[in-house]
Amino acid sequence: VSEELWVPMGAEENACFTIDSAGYALADGGFNACLRDYARLGLVYFNDGYWNGRRIVPAEWVADVRRGDHGLFNDEARTFLPNGQYRNQFWIEDADRESFLAQGVFGQMIYVSPEKEMVVAKLSTWPDFVNRDYTRHTLRAIDAIAAALRCSKQQTYWRNSVPDLDLCYFSAAEALARFQPTPLSPAYPLAAVLPPSAEVPP
């Protein structure tokens, strides 16, 4: 991981895996990194596996995540991604679109959306290991931010299509300020919202 991904993408901090009692890395989670390096990883996937003009993730792998024959989905997973699927350790937000996300426990997330032209990296400390209601509200907040960025880019109002919000925004900051928390949607620490051409600042 260090030689093939972390160093080539210019990670600013070391990362680590949770290991078991025998010293083997866990295969289903436990990867720990800083927010901006998670954002860098999201940008690698956004840019079809490239970082600063160098390919570090095979194009076939990225294409398979976005458009491959996605895996099976169960009824529980459909409660938060009704048309979602799963592939290569990524959750596909909607089988008819190309947005996908890496989800960690307690609310960690890397969200990549070619359609919305954005990458979102989020760290959290949710009280629950997994909370589908929180996940749904997080995705609604991301939709609101995407709407705000489109609105700001076009310099026109755009009526948010996310149910229950029905707000117009001019900036991502205003979108976050107006996203009213509820008992199931606290003010999440969303960060590193990036356009495709962005470079992660030092």
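Which residues are linked with D37 in a network of salt bridges? The tour of this predicted model comes to them at its second stop, after a view of the whole chain.

**The whole protein**

Begin with the complete chain in a cartoon representation. The protein contains five helices and 10 strands. Of its 202 residues, 40% count as buried. A surface representation corresponds to an accessible area of about 11,100 Å², and carbon and sulfur atoms hold 54% of that area. Among contacts with a separation of 6 or more, 46% are made by residues 24 or more positions apart. A search of the whole structure for salt bridges returns 14, and the count of aromatic pairs is nine.

**The network around D37**

Select E12, R36, D37 and R40, which are linked in a network of salt bridges; these four residues answer the opening question. Centre the view on D37, which is located in helix α2. D37 has a relative accessibility of 0% and therefore counts as buried, since the cut-off for that class is under 20%.

Next, display the side chain of R40. R40 and D37 form a salt bridge in which the closest N and O atoms are 2.8 Å apart. The two side chains are likewise joined by a polar contact of 2.8 Å. Helix α2 spans residues 35–46, and R40 and D37 are three residues apart within it, so about one helical turn separates them. Both partners of this bridge are buried.

Now show the surroundings of D37. Leaving aside residues up to four places away in sequence, D37 touches W6, M9, A11, E12 and E13. Two of these contacts deserve a note: E12 belongs to the salt-bridge network, and W6 leads to the next stop.

**The aromatic cluster at W6**

Select W6, F17 and F31, which form one aromatic cluster. How are the rings of W6 and F31 arranged, in terms of their centres and planes? The centres are 5.3 Å apart and the planes stand at 90 degrees, so this pair is edge-to-face. The pair links distant parts of the chain, with W6 in helix α1 (residues 2–6) and F31 in strand β2 (residues 31–32), 25 residues apart. Colouring by accessibility gives the two residues separate classes: W6 is buried, with a relative accessible area of 8%, whereas F31, at 25%, counts as partly exposed.

**The pair F106 and F129**

Move to a second aromatic pair by selecting F106 and F129. Their rings are also edge-to-face, at 5.5 Å centre to centre and with 85 degrees between the planes. F106 lies in the loop between β7 and β8, and F129 in the loop between β9 and α4, so the pair ties together parts that are 23 residues apart in sequence. The second of these loops runs between β9 (118–122) and α4 (132–154).

Is each of these rings buried or exposed? F106 counts as partly exposed at 32% relative accessibility, while F129 counts as exposed at 51%. With the surface switched on, add V105 and V130 to the selection: V105, F106, F129 and V130 make a nonpolar surface patch of about 340 Å².

**Two salt bridges that join separate elements**

Select R66 and D48. They form a salt bridge whose closest N and O atoms are 3.1 Å apart. R66 belongs to helix α3 (residues 59–67) and D48 to the loop between α2 and β3 (50–51), so this bridge ties together parts that are 18 residues apart in sequence. R66 is buried, with a relative accessible area of 8%, but D48 is partly exposed, at 36%.

For the last stop, select E115 and R97, whose side chains meet in a salt bridge of 2.4 Å, N to O. E115 sits in the loop between β8 (109–113) and β9, and R97 in the loop between β6 (90–92) and β7 (100–103), so the pair ties together parts that are 18 residues apart in sequence. E115 is partly exposed, with a relative accessible area of 45%, and R97 is partly exposed at 43%.

Terms used
Residues numbered from 1 in each chain as written. Predicted model: local features only at pLDDT ≥ 70, side-chain atom pairs only at ≥ 80, totals over all residues. Heavy atoms only, no water. Patch = residues over 30% accessible without salt bridge, like charges linked within 9 Å, V, L, I, M, F, W, Y side chains within 5 Å. Areas by Shrake-Rupley, 256 points an atom, 1.4 Å probe, with all protein chains shown as cover. Helix = DSSP H or I, 4+ residues; strand = E, 2+ residues; numbered from the N terminus. Buried < 20%, exposed > 50% of the residue type's maximum accessible area, 1.4 Å probe, protein only. Contact = heavy atoms within 4.5 Å. Polar contact = N/O pair within 3.5 Å; in protein donor to acceptor, adjacent residues only side chain to side chain. Phe/Tyr/Trp six-rings, centres within 6.5 Å; stacked < 30°, edge-to-face > 60°.
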